[in-house]
Amino acid sequence: MKSHPLVKKAREKMEKSVESIRTELNHLRTGRPSAALLEEIKVDYYGNPTPISQLSTISVSEGRTLVVKPWDKSLIGSIEKAIQASDLGINPSNDGSVIRLAFPSPTTEQRKQLAKKAKSIAEDGKVAVRNVRREIMKEIKEKKESGEFPEDDAKSLENEVQKVTDEYVKKLDDIYEEKEKEIMEF
């Protein structure tokens with residue numbers, strides 16, 4: 001069965017909301033470091049602000065350490081300064097060829113705060129998904145009132161949009177639960 005254009009539109013917009021939330025949660029610092037933490041940090045590279053990931057190899061070593069290995073060794077100082085100026089709260093150590101970022105294990109209180117922030121981000125995603133539902137339902141109602149859609153078609157479309165909404169709310173719950181588990185693990 002081919003999906004109605006309005007249902008397809010709802011699905012596309014909801015998918016964008018979920019991806020945005022997934023990206024935001026990936027940038028949330030947990031006990032385990034990941035290269036995603038450095039994605040937003042930019043370095044001045046020949047006058048252009050360039051993400052660290054485009055100037056170096058980033059890997060996780062020894063569980064709680066991120067290693068940044070610039071392709072151009074002359075950038076090591078600039079990358080180090082950019083990391084220090086960021087809101088990561090981690091002091092980089094530079095040995096001349098690589099930069100190491102040692103992430104301390106967060107305290108239980110910090111973990112609870114991070115989980116709370118992750119929950120808030122996921123809730124923002126649910127609000128965005130529900131706003132898409134409201135927008136599509138309004139379009140369906142307008143088309144029904146103008147006579148474009150018969151009553152039965154409008155009702156079935158509304159049910160389909162609700163099912164899609166429930167599906168994306170569930171995805172957001174799953175993403176949050178996964179992130180919470182990652183935050184709370186020792």
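**A walk from helix α2 to the pair α3 and α4**

In this predicted model, the buried residues of helix α2 are covered by several elements, among which are the strands β1, β4 (65–70), β5 (93–94) and β6 (99–102). The residues of α2 (residues 76–85) that are buried in this way are Ile 76, Ile 79, Glu 80, Ala 82 and Ile 83. If you look down the axis of α2, these buried residues fall within an arc of 160 degrees, so they line one face of the helix. The face turned away from that buried side carries Lys 81 and Ala 85, both of which are exposed. As for its placement, α2 lies across β4, β5 and β6, and runs at about 20 degrees to β6.

The strands that α2 lies across, namely β4, β5 and β6, bring us to the sheet. Strands of a sheet pair through backbone hydrogen bonds, and the pairing may be either parallel or antiparallel. Here the sheet is an open one of 4 strands, arranged in the order β3-β4-β6-β5, and its pairing is antiparallel. Which strands stand at the edges? They are β3 (56–61) and β5, each of which has a single partner strand, so one side of each is left without a neighbour in the sheet. The partner of β5 can be followed in detail, since β5 and β6 run antiparallel and are joined by 2 bridges, and Ser 93 stands opposite Arg 100 in β6.

Strand β1, which is among the elements that cover the buried residues of α2, leads to a residue with a notable backbone angle. Tyr 46 sits in the loop between β1 (42–45) and β2 (48–51), and its phi is near 50 degrees, a positive value in a residue other than glycine. Most residues other than glycine have a negative phi. Is the residue in this loop buried or exposed? Tyr 46 is exposed, with a relative accessible area of 70%.

Further along the chain come helix α3 (residues 108–145) and helix α4 (residues 151–184), whose axes come within 10 Å and cross at roughly 170 degrees. Because angles over 145 degrees count as roughly antiparallel, α3 is roughly antiparallel to α4. Sorted by class, the contact of α3 with α4 has 17 nonpolar, 3 polar and 12 charged residues. Met 137 is found in helix α3 and, leaving aside residues up to four places away in sequence, touches Glu 158, Val 161 and Gln 162. By contrast, the C-alpha atoms of Met 137 and Gly 89, which are 48 residues apart along the chain, are separated by 44 Å.

Methods: Residues numbered from 1 in each chain as written. Predicted model: local features only at pLDDT ≥ 70, side-chain atom pairs only at ≥ 80, totals over all residues. Heavy atoms only, no water. Buried < 20%, exposed > 50% of the residue type's maximum accessible area, 1.4 Å probe, protein only. Axes fitted to C-alpha atoms, helices over the stretch in contact; angles between N-to-C directions. Parallel < 35°, antiparallel > 145°, perpendicular 65-115°, else oblique. Nonpolar A, V, L, I, M, F, W, Y, C, P; charged D, E, K, R; others polar. Contact = heavy atoms within 4.5 Å. Arc of directions from axis to C-beta. Pairing = 2+ DSSP bridges.
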